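Work through the exercises below with the coordinates open, and try each task before reading the solution beneath it.

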Amino acid sequence: MQILNHKIIKQTLDKRFNKNEINTLKQLPKPFSLKDMDKAVDRIILAIQNNEKVLIVGDYDVDGTVSRVILNEFFQHINFVADFITPDRFKDGYGISLPLIENTNANVIITVDNGINAYDVANFCKKNNIDLIITDHHTPSKPINAFCIINPKQADCPFIFKDICGAQVAWYLVAGLKSRLNISFDMSQLLDLLVMAIIADVMPLVSINRVLVKKALKVFNNSSRASILAIKEVLGKMEFSSEDIAFLVAPKINVAGRVKNASLAIDFMCEKDIDKAIDKFKYLVSLIQQRRELEEHIMKHADKQIDSNDNVILIHKDTFHEGVIGIVASQIANKYKKISLVGTLNKQTNIIKMSARSYGQANLYDLIFSVKDNLLSFGGHREAAGLSVHKDNLTEFRKALNVEFVKQNISYKQDTLVMGILPIDDINYDLLYLLEEYEPYGQANEKPRFLIENVVFIESKRVGEKKDCLKLTSRNK
């Protein structure tokens, strides 16, 4: 293993990024470089001018709720009233669906962070002269009959970077509206919200994401928004890193849609009164314990169902709580180092709703797409997916997944996370400043790890909420 010094560390970190791409990114790409942005903006402006009915349908995770709050804040700024719907995970399922809109009198429907695979909804809108504007970032399965689609993952979309989250697409839509309306609106005032969505949705922190998050963290840390001030007050922390957002903040926003209703998170983010915002955030924090208990229930049953011979793990039970199966799928994937699918069975319909998580470099979307004929519905991306399958098709689906895994020659091999051997004398403030240059760390820009040899541990202490982390004090041997 390589012996490191500060120069080698800098050279290694430099290789993570396309320097030319970052250096030439004097400004972020223009909103109208997204396919159909001009068509969407023109139609929304027409609706505003004619005071038409506009309905916006979001999603219940951090990305979806932030998307909704971003659009809501802009429409409030221009004094336009739009209707908003955020599906209830337990009653409505994921994203836009026919039951949500079939009685609407809207002229225009805008989806945020969902909709790219809502074919029945698109056909309904077409038939009923409703203009459906889809804004999404999930991978399209096939063409959809919508009025227009803003999604960087469309094959013919010229946007320079594909891996942005749904809230970024919504943010760009606001930028397009602002530009075409020629009004004064500071886009950076939304960055304290946007940073939570980018990090929570595990977007790769390279290219424009890295540029945005770096700036957005500064906005977050200096924000006067009541909800952000409440987060700082309740968590007792004034300065937040990307890791703090990922592990301390995002789960508290996400928990509303997992165990209750996402409207709780939206109400919190929209709250203007600091005292009320603190109370609302404290309630979200209190839901975390409920979520953990639900996770523990599933984990107790997981080992009994897992077949160690399977290349892909798939478990389900009717008592598994739908709101936490995604979290547990991630935990199982990390524990067993395999793609994992966790589902909950509805005994009345015999339909199993599943959340899937990838592991290593495996492309989860491509794997599940190859066996989609066994499914009732499916959507997602490389690292995560949601799907539903009839109980009668589950055995065939499991078999097909494992056959395709071998057929596609998928590997779980990961690049080593240890950069090299770091002499203890090189652990100093200069190293700290060097590592800070390459923040924010996260997906596709993992925090460097070093091997330190010949040390003696002189003190250890358990830390963290669950006392599951170990703090060590060491010296040279």
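The exercises that follow concern a predicted model, and each one is a task with a solution in steps.

**Exercise 1. Helix 14**

Task: Work out what span the twelve residues of helix 14 should have at 1.5 Å a residue, and compare this with the separation of the end C-alpha atoms.

Solution. Step one is to locate the element, which runs over residues 325–336. Step two is to apply the rule that the expected span is 1.5 Å times one less than the number of residues, which gives 16 Å for this helix. Step three is to compare: the end C-alpha atoms lie 16 Å apart, in agreement with the expected value.

Task: Determine which residues of helix 14 are buried, and which elements are included in what covers them.

Solution. Taking under 20% relative accessible area as the criterion for burial, one obtains Ile325, Gly326, Ile327, Val328, Ala329, Ile332 and Ala333. Among the elements that cover these residues are helix 11 (242–259) and helix 13 (274–305), together with strand 6 (313–317), strand 7 (340–346) and strand 8 (351–357). As a background for reading such a list, residues three or four places apart in an α-helix point the same way, because there are 3.6 residues a turn. Just after the helix comes Lys337, which has a positive phi, near 55°.

**Exercise 2. Salt bridges**

Task: State how many salt bridges a search of the whole structure finds, and then examine the pairs formed by Arg43, Asp303 and Lys353.

Solution. The search finds 18 salt bridges. In general, side chains of opposite charge can pair when their charged atoms come close.

- Arg43 pairs with Glu52, and their closest N and O atoms are 2.9 Å apart. Arg43 counts as buried at 10% relative accessibility, and Glu52 is likewise buried, with a relative accessible area of 18%. A network of salt bridges links Arg43 and Glu52 with Asp131.
- Asp303 pairs with Lys335, with 3.6 Å between the closest N and O atoms. Since Asp303 belongs to helix 13 and Lys335 to helix 14, the pair ties together parts that are 32 residues apart in sequence. Asp303 is partly exposed, with a relative accessible area of 42%, and Lys335 is also partly exposed, at 47%.
- Lys353 pairs with Glu322, where the closest N and O atoms are 3.6 Å apart. Because Lys353 lies in strand 8 and Glu322 in the loop between strand 6 and helix 14, this pair ties together parts that are 31 residues apart in sequence. Lys353 counts as partly exposed at 32% relative accessibility, whereas Glu322 is buried, with a relative accessible area of 18%.

**Exercise 3. Nonpolar cores and a surface patch**

Task: Find which residues touch the most other members of the largest nonpolar core, and list the contacts of Leu173 outside its neighbours within four places in sequence.

Solution. The largest nonpolar core holds 80 residues, and Leu173 and Met196 are the ones that touch the most other members. Helix 7 (residues 166–181) gives the most to this core, contributing nine residues. Once neighbours within four places in sequence are set aside, the contacts of Leu173 are Met37, Ala40, Val41, Ile44, Leu71, Ile110, Thr135 and Ile150. A second, separate core comprises 27 residues, among them Ile352, Ala362, Phe378 and Phe405.

Task: Identify which residues make the nonpolar surface patch of about 370 Å².

Solution. The patch is made by Tyr429, Leu432 and Tyr433. Tyr429 is found in helix 17 (residues 429–437), and this tyrosine is exposed, with a relative accessible area of 62%.

**Exercise 4. Backbone geometry**

Task: Locate Asn129 and Asn182, whose phi values are positive, and the cis peptide bond before Pro440.

Solution. The reference for this exercise is that most residues other than glycine have a negative phi, and most peptide bonds are trans. Asn129, with phi near 55°, lies in the loop between helix 6 (119–127) and strand 4 (131–135) and counts as exposed at 69% relative accessibility. Asn182, also with phi near 55°, lies in the loop between helix 7 and helix 8 (191–200) and is exposed, with a relative accessible area of 70%. The cis bond joins Glu439 and Pro440, with omega about 5°, and Pro440 is placed in the loop between helix 17 and strand 12 (449–451).

How values were computed:
Residues numbered from 1 in each chain as written. Heavy atoms only, no water. Helix = DSSP H or I, 4+ residues; strand = E, 2+ residues; numbered from the N terminus. Buried < 20%, exposed > 50% of the residue type's maximum accessible area, 1.4 Å probe, protein only. Contact = heavy atoms within 4.5 Å. Patch = residues over 30% accessible without salt bridge, like charges linked within 9 Å, V, L, I, M, F, W, Y side chains within 5 Å. Areas by Shrake-Rupley, 256 points an atom, 1.4 Å probe, with all protein chains shown as cover. Salt bridge = Lys/Arg side-chain N within 4 Å of Asp/Glu carboxyl O. Core = buried A, V, L, I, M, F, W, Y, C linked by side-chain atoms within 4.5 Å.
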